[in-house]
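Q: I would like to learn how to read a structural model feature by feature, with the general idea set out before each case. Could we go through one together?

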Amino acid sequence: LGDCPICCLPLAPSIDEKASPMMACCSKIICNGCNVADQIRQLKEAQVRKCPYCRHQLPKSQEEAAQIRMKRVEVNDPVAIWRLGVRCRQEGDYESAFQHYKKAAELGNADAHYNLSCVYRDGEGVEKDKKKEVYHLEEAAIAGHTFARHNLACYEGINGRHERAAKHWIINAKLGDQKSMEGLKEGYPDGLVSKEDFAAALRAHQAAVDATKSAQREEAEAGRRVM
């Protein structure tokens with residue numbers, strides 16, 4: 001997911017979009033800490049709500065938000081195109097979803113590659129194709145998509161290539177992915193990874209998780225849980 005564009009701290013591999021929203025106006029994901037801090041500041045100063053990143057006035061309705069997102073689609077914003085594909089799939093329009101995923105993937109969007117892997121796995125609007133499924137998993141994983149790399153690890157494990165599965169989990173664990181770290185923990189007693197590699201992955205995983213934390217983010221999350 002990269003870093004929050006405001007505080008520049010890493011975003012967690014798995015995020016709650018309600019807490020860390022993707023802004024319709026600029027397609028940026030803002031961490032919960034920066035999002036809440038900006039909301040509080042604007043409320044105190046009685047300002048009109050604006051995007052914490054690009055300062056565009058926030059939409060007043062879902063219809064206005066949809067119009068803004070379509071403008072991003074029209075200028076070939078890969079994130080906006082991918083999100084349009086997600087909405088089409090949610091509405092049951094698998095053919096349109098596939099076309100949007102495909103275009104976003106061609107523009108380099110890792111999420112779109114991951115969704116295409118799911119499309120070819122499940123046969124949603126296309127014929128099932130294991131080769132294409134794996135290809136898009138690999139493209140997404142190369143771009144840092146942790147879900148894709150975890151699925152690749154599972155695919156390799158199912159096919160008896162346990163050493164390759166372990167390598168995928170180690171890479172993912174070092175990025176802070178909890179599911180991959182759990183996979184290593186389960187496989188370690190069976191010799192899936194060496195003691196040295198397991199210890200290194202465990203340390204790197206904890207460091208990656210710690211890097212996503214800040215007092216501002218913890219305060220925002222605490223307030224969200226109370227609400």
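A: Let us start with what a helix is taken to be here: helices are DSSP runs of at least four residues, numbered from the N terminus. The model in front of us is predicted, and in it threonine 146 has its place in helix H7.

Q: What span should the 13 residues of helix H7 have, and how far apart are its end C-alpha atoms?

A: The expectation rests on a rise of 1.5 Å a residue, and for H7, residues 146-158, this gives a span of 18 Å; the end C-alpha atoms are 18 Å apart, in agreement with that value. Beyond the helix, H7 is followed by glycine 160, which has a positive phi near 80 degrees.

Q: Which residues of H7 are buried, and which helices do they pack against?

A: A residue is called buried when its relative accessible area is under 20%. In H7 this holds for Thr146, Ala148, Arg149, His150, Leu152, Ala153 and Glu156, and these buried residues pack against helix H5 (110-122), helix H6 (130-142), helix H8 (162-174) and helix H9 (178-187).

Q: Why does threonine 146 count as buried, and which residues does it touch?

A: Threonine 146 counts as buried because its relative accessible area is 8%. When residues up to four places away in sequence are set aside, threonine 146 touches Pro13, Asn172, Leu175 and Asp177.

Q: How is a positive phi to be read, and which residues other than glycine have one?

A: As a general matter, most residues other than glycine have a negative phi. Cysteine 8, although not a glycine, has a positive phi of about 65 degrees, and asparagine 76, also not a glycine, has a positive phi of about 60 degrees. Cysteine 8 is placed in the segment before H1, whereas asparagine 76 lies in the loop between helix H2 (62-74) and helix H3 (78-90). With a relative accessibility of 52%, cysteine 8 counts as exposed, while asparagine 76, at 37%, counts as partly exposed.

Q: How many disulfides does a search of the whole structure find?

A: The cut-off matters here, since a disulfide is a pair of cysteine sulfur atoms within 2.5 Å. The search of the whole structure finds 0 disulfides. Cysteine 34 is in no disulfide, and the nearest cysteine sulfur, belonging to cysteine 31, is 3.6 Å away; cysteine 34 is buried, with a relative accessible area of 6%.

Q: Why is the sulfur of cysteine 54 not bonded to the closest cysteine sulfur?

A: The closest cysteine sulfur, in cysteine 25, is 3.5 Å from the sulfur of cysteine 54, and so it is too far for a bond. Cysteine 54 itself is partly exposed, at 34% relative accessibility.

Q: How is empty space inside a model found, and how many cavities of 30 Å³ or more are there?

A: Rolling a probe the size of a water molecule over the atoms shows where empty space is left. Over the whole structure the search finds 1 cavity of 30 Å³ or more, and the volume of the largest cavity is about 40 Å³. Its lining is made up of Met23, Ala24, Ser27, Arg69, Ala80 and Arg83, and these lining residues divide into 3 nonpolar, 1 polar and 2 charged.

Q: Where does methionine 22 lie, and is it buried or exposed?

A: Methionine 22 lies in the segment before helix H1 (32-44), and at 15% relative accessibility it counts as buried. Methionine 22 and tyrosine 101 are 79 residues apart along the chain, and their C-alpha atoms are separated by 18 Å.

Conventions: Residues are numbered from 1 along each chain as its sequence is written. This is a predicted model: local features need pLDDT of at least 70, side-chain atom pairs count only at pLDDT 80 or more; totals for chains, interfaces and linings use all residues. Side-chain values use heavy atoms; hydrogens and water are left out. On a 1 Å grid over the protein atoms alone, a cavity is a set of points where a 1.4 Å probe fits but cannot get out, and a pocket is an open set with protein on both sides within 12 Å along at least five of seven lines; lining residues have an atom within 4 Å of a point. Grid points are joined across faces, edges and corners, and a volume is the space filled by probe spheres set on the points. Ala, Val, Leu, Ile, Met, Phe, Trp, Tyr, Cys and Pro count as nonpolar, Asp, Glu, Lys and Arg as charged, and the others, Gly among them, as polar. Buried means under 20% relative accessible area, exposed over 50%, partly exposed in between (1.4 Å probe, protein chains only). Helices (H or I, at least four residues) and strands (E, at least two) are DSSP runs, numbered from the N terminus. The expected span of a helix is 1.5 Å times one less than its number of residues. Contact means heavy atoms within 4.5 Å.
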